[in-house]
Amino acid sequence: MGWYESPTSPIAARRKGQATSKNDLWSDIMTLRWAVEPSSSFKLLLIPVVLYVSWELLAPYIAQDLPNPFAPLMFISHHIPTSPTSDPRYAKGYLDLLFLAYYVIFFSFVRQIVTVTIFRRIGKYFGLRKRAKLDRYGEQGYAMVYFGVMGLWGIRIMSQHPTWWFNTEYYWINYPHWDMQPELKCYYLMQASHWIQELLVLVMGLEKPRKDYAEFVAHHIVTIWLIGWSYLVNMTLIGNAVFLSMDLPDIFLAVCNLLPLMVLQLIKAVHYFRIWKNLVILWSVWFQFDLMPDQSKQWLPEAGVWMVWWMKYQIFSPIFMLQLLNCFWYFLILRILIRAFTAELDDSRSDDECDGGETGDEHEKKVQPKK
């Protein structure tokens with residue numbers, strides 16, 4: 001995507017003085033080059049695949065009774081042996097961390113391929129020439145693809161549970177929901193990997209900061225907090241609903257940035273999902289929390305039960321914080337609509353370069369004092 005790299009970022013600091021060093025895999029890992037270079041991340045992704053296949057080919061001769069040690073990197077772990085073959089279930093466990101690490105690299109690779117190889121070329125085809133506009137176009141193209149896929153996947157998963165279309169009482173009934181369908185577990189961990197990768201991009205200074213950089217970082221931190229806690233305390237069904245309330249309007253947001261005339265559709269989507277449906281979820285946390293069985297209202301991790309009285313506020317707080325951020329962005333989107341009617345369509349959620357199309361050199365020329 002033509003990534004922006006802050007001169008003070010760790011990657012820039014490590015690269016400084018290493019420009020002539022050998023560009024090997026270890027150097028890529030130590031400098032985090034894999035986060036911005038698809039060829040590097042592809043190498044890292046390929047290593048476990050080769051090792052997994054090699055083990056599968058050789059294990060029948062040297063280790064017949066041992067499971068493939070590389071499988072947890074690419075596939076979900078902790079299958080529940082007592083679950084029926086027709087309806088397999090999975091629990092959470094420490095091997096999930098390996099899955100997360102692998103797919104953080106996976107999303108770094110996919111993001112670069114989609115932004116640079118696909119949408120940046122599309123932007124050039126439609127006449128975009130300035131670096132900042134091409135970068136912004138690539139970012140929004142990736143967002144459209146990611147949230148489109150995950151949004152549809154999230155709908156499919158919700159349709160398989162009694163929580164279908166925000167049927168909120170089943171977030172709590174029959175808690176704890178510690179045994180997950182394989183699709184739900186994979187979906188949840190991949191969402192977590194995506195948001196960890198997105199936060200990595202921000203804190204490492206790999207992209208040019210937006211106007212709302214602080215709010216954006218806060219959003220990512222709260223999102224990861226919410227994902228982590230909901231996964232830990234077996235609240236993945238309400239987590240699925242929160243994901244949908246965020247992902248579906250983000251599809252419209254990305255499309256709106258690619259096709260500015262869709263601002264009105266964006267307003268409707270954000271109002272319905274990010275504002276109304278999020279309020280429905282908050283109402284459920286506050287008023288339906290006690291629908292769970294009494295035996296679940298204790299701190300008993302070995303039984304998958306965590307719902308002591310104060311967990312109500314632990315669940316409510318991050319969702320409420322996301323709601324505040326949603327309201328802030330909703331205000332900005334409404335301002336875009338006003339500007340659209342005054343022939344000044346300007347996405348104030350993006351950075352100056354995205355709107356004005358200035359490159360860093362052009363900006364420096366403008367700010368130089370006149371002689």
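Here is a short chat about a few features of this predicted model.

Student: Is V49 buried, partly exposed or exposed, and what is its relative accessible area?

Tutor: Let's place the residue before judging it: V49 sits in helix α3, residues 38-62. Buried would need under 20% relative accessible area and exposed over 50%. V49 falls in between, so it counts as partly exposed, with a relative accessible area of 30%.

Student: About how much accessible area does the nonpolar surface patch with V49 have together?

Tutor: V49 has company there, including F42, L46, V50 and V53. The patch also takes in L57, L58, Y61 and I62. Together, these residues have an accessible area of about 910 Å².

Student: How far apart are the end C-alpha atoms of helix α8?

Tutor: Start with what we'd expect: α8 covers residues 213-232, which makes 20 residues. At 1.5 Å a residue, they should span 28 Å. The model agrees with that, as the end C-alpha atoms are 29 Å apart.

Student: Which residue with a positive phi follows α8?

Tutor: Look just past the helix for a phi near 65°. The residue that follows α8 with that positive value is N234.

Student: Which helix supplies the largest share of the lining of the second largest pocket?

Tutor: This pocket holds about 380 Å³ of space and is lined by 15 residues. D96, L97, L100, G228 and Y231 lie nearest its centre. Three helices, α5 (96-125), α7 (182-203) and α8, each supply at least two lining residues. The largest share, 5 residues, comes from α8.

Terms used
Residues numbered from 1 in each chain as written. Predicted model: local features only at pLDDT ≥ 70, side-chain atom pairs only at ≥ 80, totals over all residues. Heavy atoms only, no water. Patch = residues over 30% accessible without salt bridge, like charges linked within 9 Å, V, L, I, M, F, W, Y side chains within 5 Å. Areas by Shrake-Rupley, 256 points an atom, 1.4 Å probe, with all protein chains shown as cover. Salt bridge = Lys/Arg side-chain N within 4 Å of Asp/Glu carboxyl O. Helix = DSSP H or I, 4+ residues; strand = E, 2+ residues; numbered from the N terminus. Buried < 20%, exposed > 50% of the residue type's maximum accessible area, 1.4 Å probe, protein only. Expected span 1.5 Å × (residues − 1). 1 Å grid on protein atoms, 1.4 Å probe; cavity = no way out; pocket = protein on both sides within 12 Å on 5 of 7 lines; lining within 4 Å. Points joined across faces, edges and corners; volume = space filled by probe spheres on them.
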